Amino acid sequence: MSGKRRCIVWFRQDLRLHDNEALHDALKHADELLFVYVFDTRWFHAETRFGFRKTGAHRAKFIIESVEDLRQSLRAMGAELIVRVGKPEEEIYRLADEAKTSWVFCNRERTQEEVDVQDALEEKLWTIGQELRFSRGKMLYYTADLPFPVNHTPDVFSQFRKEVERYIKIRKPLPVPSDLPSADLKTINVGNMPTLQSLGYEVPEKEERTVLDFVGGESAALERLFYYLWDTDLAKTYKETRNGLVGGDYSTKFSAWLAQGCISPKRIYSELKKYEDERGKNKSTYWIFFELLWRDFFRLMGKKYDNLIFLEGGTKQEKNPAWRNDYNLLQKWIDGKTGIPFIDANMLEIKYTGFMSNRGRQNVASFLVKDLKVNWQMGAEYFESILIDYDPTSNWGNWNYVAGVGSDPREDRYFNILKQARNYDPEGTYVKLWLPELADLPSDKVHRPYCLSFDEQGKYGVKLGGNYPKPIINPKKWERGR
């Protein structure tokens, strides 16, 4: 072996070459780089506490696509991505020992399961005199730039937003490196990409009603960014359309790529500022930035409160004695068989596509927790499993928020589902898309099939308790405007 310094760049939820701090740090310290991704079998094979597979098929497919895209991007620069399937702390340790590297560079994760992995790897590397070096890669803001220490982050989003907006300038994203000095891999097996089948999944059927054909990877992420801003000018109307339910253009849909780090929030912000300079700034362009701020806020809440975000009492440490682990009600909610069309349509969309609008997520979460009195953790774990855009702190932070155990000054945040349905799906277009058995109902009845008379059921082809379930709660309180 030559006297050149050699290191490993361990890709995690940062599957990109642009704005990748770990990659840039590695280039500053080493002469030769090995690029590695490990499909952690625990994320693909293990189950959550309530029995859900930790990673559902839609997200698994998206991750495989993202890693393959990264491999192709590295190859285009004369480098290679080493792929392993197993436990990162074991696979990377073996590779570091075999390749006689000096360091492993990675972007730090902050939630417990990810921290346990990086801690275990760090201990193993010490035994062979190697070091694990961390960078940051998830947030819009650098924690070092914040006007407060992490443990003093304001617990209310509006206060957090005012403080960071007023004082902190967002740094520019790091460029894609011009050169990647790759180590000689002649004696190292680069590894084959796993398939969904090899990871134990059935390939999900293509769903024509999906809002967007999500394809993983940095290339697709950047394509979506340019489509939403430059090709269509959709950024100009985001604030007005963001609560939509049908189609790919009502919102940015950046979340899946952000969750796997295929695109960085700083890159989105940088492109957004350029867009504002060239085509104009308005409330909608600001609102896209506003959503990125929420991601940072939930990330900081996760850092500040650690595992409290996963516990029943949340960051407030206040359990509701009315909550129960009711698997029967939970399953009806999951299967879209609650008898409440707006809830059922949203739950069928997420079941078959791995995606649901933000408006839908708030409604189904409120219904599960406030109307069915089911432990919110069960819903959060289902979302962890099924969502294509699952991000730990965003998912659990939002469930804390809806359940009233997190960072929200309103303790009784409750959604009148009927009012929500009428406001955001006034003609029943969304409900009829996912519940074709209700397709013949007029708009004034589509959200209230439980009010149909026997004759009306015959007229419209809806049989309550037959081809559409009777409601599992009494919805009359919504009629009264509760």
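How far is the sulfur of Cys7 from the closest cysteine sulfur, and in which residue does that sulfur lie? The legend to Figure 1 gives the answer, and every panel shows a predicted model.

**Figure 1. Cys7 and Cys106, two buried cysteines without a disulfide****.** The closest cysteine sulfur to that of Cys7 belongs to Cys106 and is 11 Å away, which is too far for a bond. Cys106 likewise takes part in no disulfide, the nearest cysteine sulfur being that of Cys7. A disulfide is counted where two cysteine sulfur atoms lie within 2.5 Å, and the structure as a whole holds zero disulfides. Cys7 counts as buried because its relative accessibility is 0%. Cys106 is also buried, with a relative accessible area of 0%.

**Figure 2. Helix α1, its N-terminal cap and its surroundings****.** Helix α1 spans residues 21-29, and its buried residues are Glu21, Ala22, Leu23, His24, Asp25 and Ala26. The cover over these buried residues includes the strands β1 (6-11), β2 (32-40), β4 (103-107) and β5. At the N-terminal end of α1, Asn20 acts as the cap, with a side-chain oxygen 3.3 Å from the backbone nitrogen of Ala22. Within the helix, His24 has a relative accessibility of 17% and therefore counts as buried. Beyond its neighbours within four places in sequence, His24 is in contact with Leu174, Pro175 and Pro177.

**Figure 3. Leu140 in the loop between β5 and α6****.** This loop joins β5 (131-135) to α6 (157-167). Leu140 has a relative accessible area of 0% and is therefore buried. When residues up to four places away in sequence are not counted, Leu140 touches Ile170, Pro265, Lys266, Tyr269, Phe289, Leu292 and Asp296. Phe297 is 157 residues from Leu140 in sequence, while the C-alpha atoms of the two are 10.0 Å apart in space.

**Figure 4. Gln260 in the loop between α9 and α10****.** The flanking helices are α9 (255-259) and α10 (265-279). Gln260 is buried, its relative accessible area being 5%. Residues up to four places away in sequence aside, Gln260 touches Arg12, Gln13, Asp14 and Leu15, together with Arg59, Phe62 and Ile63.

**Figure 5. Packing of helix α13 against helix α14****.** Helix α13 (residues 341-353) packs with helix α14 (residues 358-371) at an angle of about 115°, and the axes are 10 Å apart. Their crossing is left-handed. The α13 side of the contact consists of Phe342, Ile343, Asn346 and Met347, which meet Gly360, Asn363, Val364 and Phe367 of α14. By class, five residues of this contact are nonpolar and three are polar, with no charged residues. An α-helix has 3.6 residues a turn, so residues three or four places apart point the same way.

**Figure 6. Helix α15, largely enclosed by the rest of the structure****.** Because 11 of the 11 residues of α15 (residues 376-386) are buried, the helix is largely enclosed. Among these buried residues are Trp376, Met378, Tyr382, Phe383 and Ile386, and also Gln377, Glu381, Glu384 and Ser385. The buried residues of α15 pack against α3 (57-76), α12 (327-334), α13, α14 and α16 (392-403).

**Figure 7. Glu381 of helix α15 and its contact with Arg49****.** Glu381 is buried, with a relative accessible area of 7%. The side chain of Glu381 reaches the backbone nitrogen of Arg49 at 3.3 Å. Leaving aside neighbours within four places in sequence, Glu381 is in contact with Thr48, Arg49, Phe50, Phe52 and Trp396. Trp399 is 18 residues from Glu381 along the chain, and their C-alpha atoms are separated by 10.0 Å.

**Figure 8. Lys432 of helix α18 and the backbone of Leu441****.** Helix α18 comprises residues 429-434 and contains Lys432. With a relative accessibility of 23%, Lys432 counts as partly exposed. A polar atom of the Lys432 side chain lies 2.7 Å from the backbone oxygen of Leu441. Not counting residues up to four places away in sequence, Lys432 touches Glu427, Leu438, Ala439, Leu441 and Val446. Ser443 is 11 residues from Lys432 in sequence, with a C-alpha to C-alpha separation of 10.0 Å.

Methods: Residues numbered from 1 in each chain as written. Predicted model: local features only at pLDDT ≥ 70, side-chain atom pairs only at ≥ 80, totals over all residues. Heavy atoms only, no water. Axes fitted to C-alpha atoms, helices over the stretch in contact; angles between N-to-C directions. Helix = DSSP H or I, 4+ residues; strand = E, 2+ residues; numbered from the N terminus. Left-handed = near helix turned anticlockwise from the far one by under 90°. Contact = heavy atoms within 4.5 Å. Nonpolar A, V, L, I, M, F, W, Y, C, P; charged D, E, K, R; others polar. Buried < 20%, exposed > 50% of the residue type's maximum accessible area, 1.4 Å probe, protein only. Polar contact = N/O pair within 3.5 Å; in protein donor to acceptor, adjacent residues only side chain to side chain.
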